[in-house]
Amino acid sequence: MDHSTKLVSRVSPQGHRIKSLQNSSTMIKQAASILKHLLLISASLVMAFPFIWMVISSLKMPDEIFGGGLLSIPSSLRWSNYLQAWQSAPFDRFFMNSVLVSVCTVAGQVITCSMAAYAFACVDFKGKQGWFLLFIATTMIPFESTMIPSYLVVKSLGLINTHLALIIPSLTSVFGIFLLRQFFLTIPKDLLDAAKIDGCSHFTTLFRIVLPLSQTILATVSLFAFINSWNSYLWPLLVTNTTQMRTVQIGLRYMIDKELGTQWSQLLAASTFVILPILVLFLFLQKYFVRGIVTSGLK
């Protein structure tokens, strides 16, 4: 047996062991990946279950909603529930009000939050850290504590039962400022210094340099602002008192009759088409939303 044959005979068993260990490691990683995906799918189904039940139940007869199983198939698909729900209240007007308020809220928060975040992230001034901590501390104040003072301010301005009453209190967001500030801190300081050397003002730097680089986080802030405005119930109920000024969330109360009780089929049908714009918007902005959360400094 020559030298090369002896070397192969010694190396071959060791090579087989290394290859076996590599295969075992690959199998473990694949098993862990499968287990992770199973857990994520299970959690997703748990989270989605109320929505699935809502959609299925919206197509049932009233006596079938609570008479059968939670996910029992309806005897016949009653698409008429959606038409009856739409006609039971002026939802066209409710949608117009909600869209107007939500779009104005998104525009207002994008402008005000980006300006405040730029100041906290890119402008040096005395006591900046202290002011920022004080600003963030306001998130611990519940809405119920500021609701009555806000209502009195809106009333003193003569804005009760107007769109401005629904829009003005939501034109900024501490959470939105925090998200934008965390993202702005990741922008290279050399880029801002170069803009300053070129004679750019703070407004020019913000709107010509910083914001074009922040599309993902702006989409995230916009999505949060739209969802919060669209789902708002207590404040619109407080500052509006006519049907023409109501929003979609208050419109769901029209499915509850004092004499006939809750019209469950119509209520679930109305809840389905009320939540649809949020789902569509999230599907369009999903990749920006995930990327914005990851890059904003939230771990």
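## Report on a predicted helical chain

Cys 104 has its place in helix H4, where helices (H or I, at least four residues) and strands (E, at least two) are DSSP runs numbered from the N terminus. The coordinates belong to a predicted model, in which local features need pLDDT of at least 70 and side-chain atom pairs count only at pLDDT 80 or more, while totals for chains, interfaces and linings use all residues. Residues are numbered from 1 along each chain as its sequence is written, and side-chain values use heavy atoms, with hydrogens and water left out.

The relative accessible area of Cys 104 is 28%, so this residue counts as partly exposed; the classes are buried (under 20%), exposed (over 50%) and partly exposed in between, with a 1.4 Å probe and protein chains only. Leaving out residues up to four places away in sequence, Cys 104 touches Ile 167 and Leu 171, where a contact means heavy atoms within 4.5 Å. The C-alpha atoms of Cys 104 and Leu 166 are 9.8 Å apart in space, although 62 residues separate the two in sequence.

Helix H4 also holds Gln 109, which counts as buried because its relative accessibility is 9%. With its neighbours within four places in sequence set aside, Gln 109 is in contact with Ser 114, Ser 170, Leu 171, Thr 172, Ser 173 and Ala 225. Leu 171 is thus in the contact lists of both Cys 104 and Gln 109.

The protein chain as a whole has 14 helices and two strands, and 33% of its 299 residues count as buried. Among the contacts with a separation of 6 or more in this chain, 71% are between residues 24 or more positions apart.

The predictor's confidence in each residue, pLDDT, runs from 0 to 100. For the protein chain the mean pLDDT is 84, with 87% of its residues reaching 70 or more. Residues 4–9, however, have a pLDDT below 50, and this stretch has two contacts in the model beyond near neighbours in sequence. Where pLDDT is low, the predicted coordinates should not be read in detail.

A nonpolar core is a set of buried Ala, Val, Leu, Ile, Met, Phe, Trp, Tyr and Cys residues joined through side-chain atoms within 4.5 Å. The largest one in this model has 21 residues, and those with the most contacts inside it are Tyr 118, Cys 122, Leu 180, Phe 184, Leu 206 and Val 210. Two or more residues of this core come from each of helix H4 (91–122), helix H8 (174–184), helix H10 (202–210) and helix H11 (215–230). H4 supplies the largest share, six residues. A second core, separate from this one, has 20 residues, including Leu 59, Tyr 82, Phe 91 and Val 106.

Leu 206 of the largest core shows how such a residue is surrounded: when residues up to four places away in sequence are not counted, Leu 206 touches Ser 114, Met 115, Tyr 118, Phe 184, Leu 211 and Pro 212. Ser 114 is a contact of Gln 109 as well.

Two salt bridges are found in the structure, a salt bridge being a side-chain nitrogen of Lys or Arg within 4 Å of a carboxyl oxygen of Asp or Glu. One of them joins the side chains of Asp 124 and Lys 128, with an N to O distance of 3.6 Å. In the other, the closest N and O atoms of Lys 189 and Asp 193 are 3.4 Å apart. Because Lys 189 and Asp 193 are four residues apart in helix H9 (residues 189–197), about one helical turn separates them. The table gives the accessibility of the four partners.

| Residue | Relative accessible area | Class |
|---|---|---|
| Asp 124 | 68% | exposed |
| Lys 128 | 13% | buried |
| Lys 189 | 56% | exposed |
| Asp 193 | 30% | partly exposed |

In the bridge of Asp 124 and Lys 128, then, an exposed residue is paired with a buried one.

Towards the end of the chain, helix H14 (residues 264–295) contains Ser 271. Ser 271 counts as buried because its relative accessibility is 17%. Apart from residues up to four places away in sequence, Ser 271 touches Met 54 and Leu 252.
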